[in-house]
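Me: I'm new to this structure and would like a close look at one part of it. Could you take me through the surroundings of the ligand, and then whatever else you can describe?

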Amino acid sequence: MAAEAPRCCEDCKKYMIDIRNITKTYKDDSGGYQALKGVSFTIKDGEFVAIMGPSGSGKSTLMHILGCLDTPTSGEYFLDQKDVSKLTDEELADIRREKIGFVFQSFNLLPRATVLRNATLPLIYAGVPEKEREERATASLLAAGLDKDHFNHKSNQLSGGQIQRVAIARALVNDPTLILADEPTGNLDTKTSEIVLGTFQKLNKEENRTIVLITHEPDIAEHAERIIMIRDGVIVEDKKNDHRKNAMDALDRLEKRLSKQP
Ligand code: ADP
Ligand code: MG
């Protein structure tokens, strides 16, 4: 059984994520490389946070820990008040299935499987019956902005933006309260990036899902309500974003600019 977080104050109960002094050392021949050097922050239920930092700063390492794909070398991680920093692989897998949806830069779709099949995959692994799988995948694909005409296309017949929508839909099928996106717009043009970010903003605002968006680009981070900056495995800044970008407005402006071009 995982321990409950110490209830220091009423505030602690509101945190979905509460990490305290997390470190991660990758072992190598020269004794190991410390990718995270004591990282602490909290994220409330329903927040939209960006974690921004240059390449090699420890973002993906942090995301793997937040997503229960890996455990820290030291420190504590309370997810919904439950200490998950010392769970076994199997227990971590249960937590991921229950609560977390992942969107990666490298999409990880099966190229020759249809859109619908790609979206149902996590449910096959979770042992959900076929009829329910199709219903849930259909709802997720529609929520991610993919229209029904594309459901039977193979993913190698889709545009970059459509592929990323399938990846978002796949992250949504287990109805996660937490969505972790690691450089989700890394391979996309500006317009498609705004569409994808708009989908995240909608899922956050209308469905109250907590979003952690990992990026090295300030323009992308500006879509979050709060920006945590990481550098060399240390948090160097954690601030409210006073210039939050609305993806739908940005898209409108982009469309107008494009329509004026000869
Ligand atoms: P980011 O996502 O910000 O680019 P990462 O978290 O992927 O950064 O990597 C942080 C540092 O840890 C880098 O110096 C990287 O080379 C190192 N690192 C990442 N994964 C491993 C690993 N499995 N083994 C050894 N070193 C790693
Ligand atoms: Mg990375």
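**Around ligand 1**

Reply: Let's start with the pieces that build the site. In this predicted model, strand S2 (33-44) and helix H1 (59-66) each supply at least two residues of the shell around ligand 1. H1 gives the most, with three residues. Here's the full set around ligand 1: Tyr-26, Tyr-33, Ala-35, Gly-53, Ser-55, Gly-56, Ser-57, Gly-58, Lys-59, Ser-60 and Thr-61. Sorted by class, that shell comes out as three nonpolar, seven polar and one charged.

Now stay with H1 for a moment. This helix is mostly covered, with six of its eight residues buried. The buried ones are Lys-59, Thr-61, Leu-62, Met-63, Ile-65 and Leu-66. So what about Lys-59 and Thr-61? Both are listed around ligand 1, and both are buried in H1. After H1 comes Cys-68, and its phi is positive, near 60°.

Elsewhere in the chain, there's a pair of helices to look at. Helix H5 (residues 160-172) packs with helix H6 (residues 190-207) at an angle of about 20°, their axes 9 Å apart. That makes the two helices, H5 and H6, roughly parallel, and their crossing is right-handed. On the H5 side, the residues that meet H6 are Gly-160, Gly-161, Gln-164, Arg-165 and Ile-168. Their partners in H6 are Thr-192, Ile-195, Val-196 and Thr-199. By class, this contact has three nonpolar, five polar and one charged residues.

How values were computed: Residues are numbered from 1 along each chain as its sequence is written. Chains are lettered from A and ligands numbered from 1 in the order in which they are written. This is a predicted model: local features need pLDDT of at least 70, side-chain atom pairs count only at pLDDT 80 or more; totals for chains, interfaces and linings use all residues. Axes are lines fitted to C-alpha atoms, for helices over the stretch in contact, and angles run from 0 to 180 degrees between N-to-C directions. Helices (H or I, at least four residues) and strands (E, at least two) are DSSP runs, numbered from the N terminus. Angles under 35 degrees count as roughly parallel, over 145 as roughly antiparallel, 65 to 115 as roughly perpendicular and the rest as oblique. A crossing is left-handed if the near helix is turned anticlockwise from the far one by less than a right angle, and right-handed if clockwise. Two residues are in contact if their C-beta atoms, placed from the backbone, lie within 7 Å. Ala, Val, Leu, Ile, Met, Phe, Trp, Tyr, Cys and Pro count as nonpolar, Asp, Glu, Lys and Arg as charged, and the others, Gly among them, as polar. A residue is near a molecule or strand if its C-beta atom, placed from the backbone, lies within 6 Å of it. A residue is buried if 20 or more other C-beta atoms lie within 10 Å of its own, exposed if 12 or fewer, and partly exposed in between; C-beta atoms are placed from the backbone.
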